[in-house]
Amino acid sequence: MKGIVANQAVQDAKLFINGEYVDALSGETFDTTNPATNKRLASVANGGIEDAKWAIDVAQKTFASGIWSRMPVEERSRILCKIADLIMENVDKIAYIETLDVGKPIKESRGFDIPRAASNFRFFAEMAKYMVHEHFDMSGHMSYVQYAPAGVTSLIIPWNLPFMQMTWKASAALAAGNTVVIKPASYTPLSAVLLGEIANEAGLPPGVLNILTGPGSTVGNTMASHPFVRRISFVGESNTGKTVMKNAADHLIPVSLELGGKSANIVFSDADLDEAVAGSIEAIYRNQGEICLAGSRILVQEEIYDLFLDKFVCAVKKIKVGDPTDESTDMGALVSKEHLKTVDDYVQIGIEEGAKLAYGGKPVVDLPEGNFYEPTVLYDVDNKMRVAQEEIFGPVPVIIPFKTEMDAIQIANDSIYGLAGVVWTNDLRRAQRVTSQIHAGLLWINCWYYRDLRTPFGGAKASGIGREGGRHSFDFYTEAKTITMKK
């Protein structure tokens, strides 16, 4: 992957199977479009059931060969670190493709998403070398635990953070010694396909990494139900996650599900108000609000409600919506026309339910060709409203007043979701009390979105099953074997 330049022509995308780029067996393709213009970006191979079976069969044979699963961990680590190096060498190219395909600002793609993808590979590559294995002595015998790679791993990736999410999963699965089959979302397949070229250049053996583009209804369902598959990690919408789990059940395939969220962002009256406003802006408008961790329900204590709302709206008015490839753009385009309509429909539903509109509330008039939506603010929202209970997945926070600490906790937990939450307060004891009572997998105090890769990531309730991150990733992507021998 030499010679990275922005404004380059976007290449058509093929399937990546057994170390080679190939057409779908049917020869069919589909087009992916630029959300900022709704114009064609590239032609993409339209994989189907037989392509998925082919890739899984290749992955199984490669795993059984031991070329990767039994490779010394130091050598595996070296190859994965080389992938990390190549990602950073190509950061401009990958970020540019990501921005064109997703619609997100280039400063987010280049400044965070792609560097984080490289960090994912480097972290798990290094961690694999230093995993501690348990050893137990008893009278006349010795037992030890061996963590063996599980086998073929299916990774099904969402459209909002495609390259970063893909590498978060793939790096851990590969570091553990598995072979992987990856399906990126049909809306955003282009950056994922680039990983095949990088893998080849890094020296990853053919068949260890396979990438399939195509519909979830065919490719995805096959990846979630094939008897050769021994692990499935899925990131996406909660109802789709249920389908994945049902498909996996027939062959008792363990699943890790990272699903939707409607996270509470709680602002107490003693919080640093400017810090809370700035953090709350970031937590809902980053990536156009198309992020599962978004602080989409902003709970504000009554004593500061009006002041917070004034400051918040003032800050929202400064958000620059525009060309995602422009370095000065703060918010880009939503992923598709269909999603643009969904977001707009939710805003109208909210108003009909009685929510008040402080700002935004419609597509951007000056950018009619793309899927641009104004950063929107709905306030005086009741937590029972649909806009407070359902995941909008767009730049639309709902601001909800509360009176007491217990009110805030009750409102935060009154949701089918339990992915994340934020608490803004200068009272350390309050912060600990509140976070300990919120039913969510990730919680931040006076910050948002900071992730230590050593910590577990995952949600409660309808937000998912299982945890990944650090040792938790290796626990999922391996099989623990207890071996006991007589001394």
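**Exercise 1. The nonpolar cores**

Task: Determine which residues have the most contacts inside the largest nonpolar core of this predicted model, and where the core draws its residues from.

Solution:
1. The largest nonpolar core comprises 105 residues. Those with the most contacts inside it are Leu293, Phe312 and Ile399.
2. Helix H4 supplies the largest share of this core, namely 10 residues.
3. At least three residues come from each of domain 1 (15-259 + 463-486) and domain 2 (264-445).
4. Another core, of 29 residues, lies apart from this one; Leu334, Tyr346, Val387 and Ile438 are among its members.
5. As a general point, nonpolar side chains in soluble globular proteins tend to be buried together.

**Exercise 2. The surroundings of Ile399**

Task: Leaving aside neighbours within four places in sequence, state which residues are in contact with Ile399.

Solution:
1. The contacts of Ile399 include Ile298, Val300, Tyr305, Phe308, Leu309 and Phe312.
2. Also among them are Val377, Leu378, Tyr379, Asp380 and Val381.

**Exercise 3. The two domains**

Task: Describe how domain 1 and domain 2 are placed and how many residues each gives to their contact.

Solution:
1. The centres of the two domains, taken over C-alpha atoms, are separated by 31 Å.
2. The contact takes 26 residues from domain 1 and 31 residues from domain 2.

**Exercise 4. Glu108**

Task: Establish whether Glu108 is buried or exposed, and what its side chain reaches.

Solution:
1. Glu108 belongs to helix H4, residues 106-129.
2. Glu108 is buried, yet has no salt bridge. Lys104, the nearest side chain of opposite charge, is 4.0 Å away.
3. The Glu108 side chain reaches the backbone nitrogen of Asn287 at 3.3 Å.
4. Leaving aside neighbours within four places in sequence, Glu108 is in contact with Asp113, Arg286, Asn287 and Asp330.

Key. Residues numbered from 1 in each chain as written. Predicted model: local features only at pLDDT ≥ 70, side-chain atom pairs only at ≥ 80, totals over all residues. Heavy atoms only, no water. Helix = DSSP H or I, 4+ residues; strand = E, 2+ residues; numbered from the N terminus. Buried < 20%, exposed > 50% of the residue type's maximum accessible area, 1.4 Å probe, protein only. Lys, Arg positive; Asp, Glu negative; His and termini not counted. Polar contact = N/O pair within 3.5 Å; in protein donor to acceptor, adjacent residues only side chain to side chain. Contact = heavy atoms within 4.5 Å. Core = buried A, V, L, I, M, F, W, Y, C linked by side-chain atoms within 4.5 Å. Domains from an automatic or database assignment.
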